[in-house]
Amino acid sequence: MKRYSHCSLLEYNTFGIDQQCDELLVYENQEDAVALVKDLLGHGSSVPLLILGGGSNLLLTKDFEGKVVTADKRFEVEVGTRDEEPDNVYLRCWAGTCFDEVVAYAVDHGYYGIENLSLIPGECGASAVQNIGAYGVEAKDVIVEMEAVSLESGEVVRIAAEDCHYAYRQSRFKQEWRDKYLILYVTYRLSRTFHPHLDYGNIRKVLEDKHISEQQLTGKALREAIIKIREAKLPNPEVLGNAGSFFMNPMVDEVTLNVLKAKFPDIRYFEVNEPASGADVLSGVTGTTKYKIPAGWMIDQCGWKGRTLGRAGVYEKQALVLVNRGGAKGMEIVELMKQIQADVFNRYGLRILPEVNIK
């Protein structure tokens with residue numbers, strides 16, 4: 001296990017915020033993780049703890065006076081099969097493995113189901129926590145189980161995907177399980193048969209522009225199309241600090257949607273059929289049929305796209321992305337967030353919540 005005292009977290013968050021932590025602990029294997037947790041248990045609950053993935057979903061607003069724990073960054077994928085499922089392939093991935101490298105590996109080997117998640121930043125462990133998603137596909141569609149160390153018992157446990165209560169950008173890891181587990185491995189179920197998901201966003205338009213018909217489409221071509229779409233509207237965090245999509249898209253019920261449509265005939269929305277999550281219930285949305293209102297569209301309609309507030313700004317190609325124009329403090333990003341939230345609420349009566357973890 002690697003230990004670093006009084007460590008800068010600048011290289012551990014894609015927003016490019018330079019804050020310190022008292023100690024950074026990097027576990028390199030299961031034995032490390034178990035020993036680390038037992039050491040933490042020996043100190044009781046008095047030590048503040050931050051479990052960190054790739055830092056692509058994090059906004060630091062101050063120094064962290066405690067221990068930051070993260071998995072070693074390396075590519076580790078174990079391929080497995082089951083006799084009763086000849087078409088399926090199981091990829092058991094180390095938590096610190098770059099998720100996009102797993103997508104590339106899968107496509108190269110003819111394992112399908114996650115092409116639409118290409119170029120999403122972050123690691124495999126975080127994919128299970130955040131239920132990452134893009135272009136009609138979510139991690140919950142392919143995750144089977146996780147192996148993790150319980151911070152309450154110090155034991156290694158297996159957690160089935162169905163026990164995680166996955167919903168749009170939600171899981172129990174973000175609710176009652178927050179900071180309760182160190183994830184070791186995530187197992188994904190993929191298929192040897194290519195079933196492309198093309199009906200979200202402008203995927204079909206990009207394929208048409210490249211003169212690729214659905215009959216000619218391959219997993220590699222779909223991955224390349226998704227990467228082209230993302231690169232066209234999302235900034236490279238190595239050039240412009242950001243955490244990808246900053247806000248979650250709010251969900252509304254049919255009654256609220258009809259009220260919005262009457263007032264804003266051009267409003268965009270997508271029907272979603274899934275059980276209401278805890279966040280939905282808090283917003284007054286129940287049942288399985290909900291409607292997602294694109295937060296980026298509302299932010300754009302409020303005139304924020306491309307605007308700057310101090311050293312923080314809204315990306316000119318995608319209003320859902322907040323950026324560090326250079327040297328911004330975390331609280332500058334927070335102030336920008338609050339002003340955007342107020343404008344969207346005043347115009348549409350909807351509260352947009354950050355997807356990013358603010359510390």
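This is a short chat about the cores, one helix and the cysteines of a predicted model.

Reader: What should I know about the model first?
Author: It is predicted; local features need pLDDT of at least 70, side-chain atom pairs count only at pLDDT 80 or more, and totals for chains, interfaces and linings use all residues. Residues are numbered from 1 along each chain as its sequence is written, and side-chain values use heavy atoms, without hydrogens and water.

Reader: Which residues touch the most others in the largest nonpolar core?
Author: Tyr-27, Leu-91, Ile-143, Phe-173 and Leu-182, out of 63 residues. Such a core is a set of buried Ala, Val, Leu, Ile, Met, Phe, Trp, Tyr and Cys residues joined through side-chain atoms within 4.5 Å. Buried means under 20% relative accessible area, exposed over 50%, partly exposed in between (1.4 Å probe, protein chains only).

Reader: Which strand gives the most to it?
Author: Strand 12 (residues 181–191), with eight residues. Strands (E, at least two residues) and helices (H or I, at least four) are DSSP runs numbered from the N terminus.

Reader: Different topic. Which residues of helix 1 are buried?
Author: Asp-32, Ala-33, Val-34, Leu-36, Val-37 and Leu-40.

Reader: How many disulfides are there?
Author: Zero. A disulfide would be a pair of cysteine sulfur atoms within 2.5 Å.

Reader: Why is Cys-98 not bonded to Cys-124?
Author: Because their sulfurs are 7.8 Å apart, too far for a bond. Cys-98 is partly exposed, at 29% relative accessible area.

Reader: And Cys-164, buried or exposed?
Author: Buried, at 0%. The closest cysteine sulfur to that of Cys-164 is in Cys-124, 15 Å away, so it is too far for a bond.
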